[in-house]
Amino acid sequence: MRPSPPPTARFAATIALAHSGGHFPRLPRPSLDLEGLSPADRQLAVAIHRTALQRWITLRFLLDRYLNKPLATLEPAMRGSLLGGAAQLLFMPRLPAYAVVDQTVSLTRQLVRPKAA
């Protein structure tokens, strides 16, 4: 992975989902790093992470319908980014869609590679 950008809620959730992704359905104990986040960002990171884990099968099914390769075969950072973004768009209606998409694309560029977005 590339150098870490400043900590944000979406970054923390994406990294944790990237680490969990290869282990589904036997997920390891959550490793959500909340250090350096404000209380509001901590809550958002936990909500994104928890929602993605709870809705994993639904998210995987929906993402696989639109991806060229199955989600399970993608590199961990890409998988985490897609799961976190999809969880926010589908199950967190109070978050503005434009912000979710913008942040997901930005994280994907930073964590995977610029053209992956």
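A pocket here is an open set of grid points with protein on both sides within 12 Å along at least five of seven lines, and its lining residues have an atom within 4 Å of a point. With that in hand, the tour can start; note that the model is a predicted one.

**Stop 1: the largest pocket**

Select α4 (76-91). This helix gives the most to the lining of the largest pocket, with seven residues. Add α3 (56-66) and α5: together with α4, each of these supplies at least two residues of that lining. The pocket has a volume of about 310 Å³. Of the 18 residues that line the pocket, pick out Leu63, Leu82, Ala86, Leu89 and Thr104, the closest to its centre. Now colour the lining by class: 14 residues are nonpolar, four are polar and none is charged.

**Stop 2: the surface patch**

Keep Leu89 selected and add Leu90 and Val101. These three residues form a nonpolar patch on the surface. Their accessible area together is about 250 Å². Val101 belongs to helix α5. Is Val101 buried or exposed? Neither label fits, because its relative accessible area of 42% falls between the 20% and 50% limits, which makes Val101 partly exposed.

**Stop 3: the largest cavity**

Next, look for enclosed space. The structure holds one cavity of 30 Å³ or more, and about 40 Å³ of space lies in the largest cavity. To display its lining, select Arg10, Thr14, Ser81, Gly84, Gly85, Gln88, Thr104 and Leu107. Which elements give two or more residues to this lining? They are α1 (9-20), α4 (76-91) and α5 (97-111). The largest share, four residues, comes from α4. By class, the cavity lining has one nonpolar, six polar and one charged residues.

Thr104 is worth leaving highlighted: this residue lines the largest cavity, and Thr104 is also among the residues closest to the centre of the largest pocket. Helix α4 likewise appears at both sites, with seven residues in the pocket lining and four in the cavity lining.

**Stop 4: Ala13**

Finish on helix α1, where Ala13 lies. Ala13 counts as buried because its relative accessibility is 0%, and the cut-off for buried is under 20%. From Ala13, draw a C-alpha to C-alpha distance to Ala47: the two residues are 8.7 Å apart in space. In sequence, Ala13 and Ala47 are 34 residues apart.

Terms used:
Residues numbered from 1 in each chain as written. Predicted model: local features only at pLDDT ≥ 70, side-chain atom pairs only at ≥ 80, totals over all residues. Heavy atoms only, no water. 1 Å grid on protein atoms, 1.4 Å probe; cavity = no way out; pocket = protein on both sides within 12 Å on 5 of 7 lines; lining within 4 Å. Points joined across faces, edges and corners; volume = space filled by probe spheres on them. Nonpolar A, V, L, I, M, F, W, Y, C, P; charged D, E, K, R; others polar. Patch = residues over 30% accessible without salt bridge, like charges linked within 9 Å, V, L, I, M, F, W, Y side chains within 5 Å. Areas by Shrake-Rupley, 256 points an atom, 1.4 Å probe, with all protein chains shown as cover. Salt bridge = Lys/Arg side-chain N within 4 Å of Asp/Glu carboxyl O. Buried < 20%, exposed > 50% of the residue type's maximum accessible area, 1.4 Å probe, protein only.
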